[in-house]
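This report covers strand pairing, salt bridges and a surface patch. The structure is shown first.

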Amino acid sequence: MNVEEEVGRLREEIKRLGTLQSDGSYKVTFGTLFNDDQCANIFEALVGTLRAAKKRKVLTYDGELLLQGVHDNVEITLNPTPAAAN
């Protein structure tokens, strides 16, 4: 799987596990993502995929590196997708 494909899959998983916000974004905690069995089966390196998505401004979270246990309560926000042009 290439990086763009993994980031796309990550978007889907955050939408599945997260909570829709009034601005169209989704919020999920790192612990929820990390401890989900389906995510564990999809992503070999979840932290690396999160960093790649953050670099592409697909999502935001505080800090640079998320570690299981220490950062389980860190909120990850999936930015709303821009409306498709007609």
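Two strands are taken to pair if DSSP finds at least two bridges between them. The model discussed here is predicted.

**Strand pairing**

By that criterion, strand 2, residues 26-29, pairs with strand 4 in the antiparallel sense over four bridges. Strand 4 also pairs with strand 3, again in the antiparallel sense, here over two bridges. Thr77 of strand 4 is a point of contact in both pairings: Lys27 stands opposite Thr77, and Thr77 is also the bridge partner of Thr60. In a regular strand, side chains alternate between the two faces of the sheet.

**Salt bridges**

The structure holds four salt bridges. Among them are the three in the table, with the separation of the closest N and O atoms.

| Basic residue | Acidic residue | Closest N and O atoms |
|---|---|---|
| Arg16 | Glu13 | 2.6 Å |
| Arg16 | Asp36 | 2.5 Å |
| Lys27 | Glu75 | 3.7 Å |

The salt bridge between Asp36 and Arg16, with its closest N and O atoms 2.5 Å apart, links distant parts of the chain: Asp36 lies in the loop between helix 2 (30-34) and helix 3 (37-42), Arg16 lies in helix 1, and the two are 20 residues apart. The partners Arg16 and Glu13, in contrast, both lie in helix 1 (residues 3-17), three residues apart, or about one turn of the helix.

Are the members of these pairs buried or partly exposed? Arg16 has a relative accessible area of 39% and is therefore partly exposed. Glu13, at 5% relative accessibility, counts as buried. Asp36 is also buried, because its relative accessible area is 15%, and the cut-off for this class is under 20%.

Lys27 forms its salt bridge with Glu75 at 3.7 Å between the closest N and O atoms. This pair too links distant parts of the chain, with Lys27 in strand 2 and Glu75 in strand 4, 48 residues apart. Lys27 is partly exposed at a relative accessible area of 27%, and Glu75 counts as partly exposed at 45%. Elsewhere, salt bridges that share partners join Glu13, Arg16 and Asp36 into one network.

**Nonpolar surface patch**

Which residues make the nonpolar surface patch of about 280 Å²? The patch is made by Leu65, Leu67 and Val70. Leu65 lies in the loop between strand 3 (59-60) and strand 4 (75-78). With a relative accessible area of 43%, Leu65 is partly exposed; patch residues need over 30%, so Leu65 meets that cut-off.

How values were computed:
Residues are numbered from 1 along each chain as its sequence is written. This is a predicted model: local features need pLDDT of at least 70, side-chain atom pairs count only at pLDDT 80 or more; totals for chains, interfaces and linings use all residues. Side-chain values use heavy atoms; hydrogens and water are left out. Patches are made of residues with over 30% relative accessible area and no salt bridge: like charges are joined within 9 Å, nonpolar side chains (Val, Leu, Ile, Met, Phe, Trp, Tyr) within 5 Å. Accessible areas come from the Shrake-Rupley method with a 1.4 Å probe; for residues, only the protein chains shown count as cover. A salt bridge is a side-chain nitrogen of Lys or Arg within 4 Å of a carboxyl oxygen of Asp or Glu. Buried means under 20% relative accessible area, exposed over 50%, partly exposed in between (1.4 Å probe, protein chains only).
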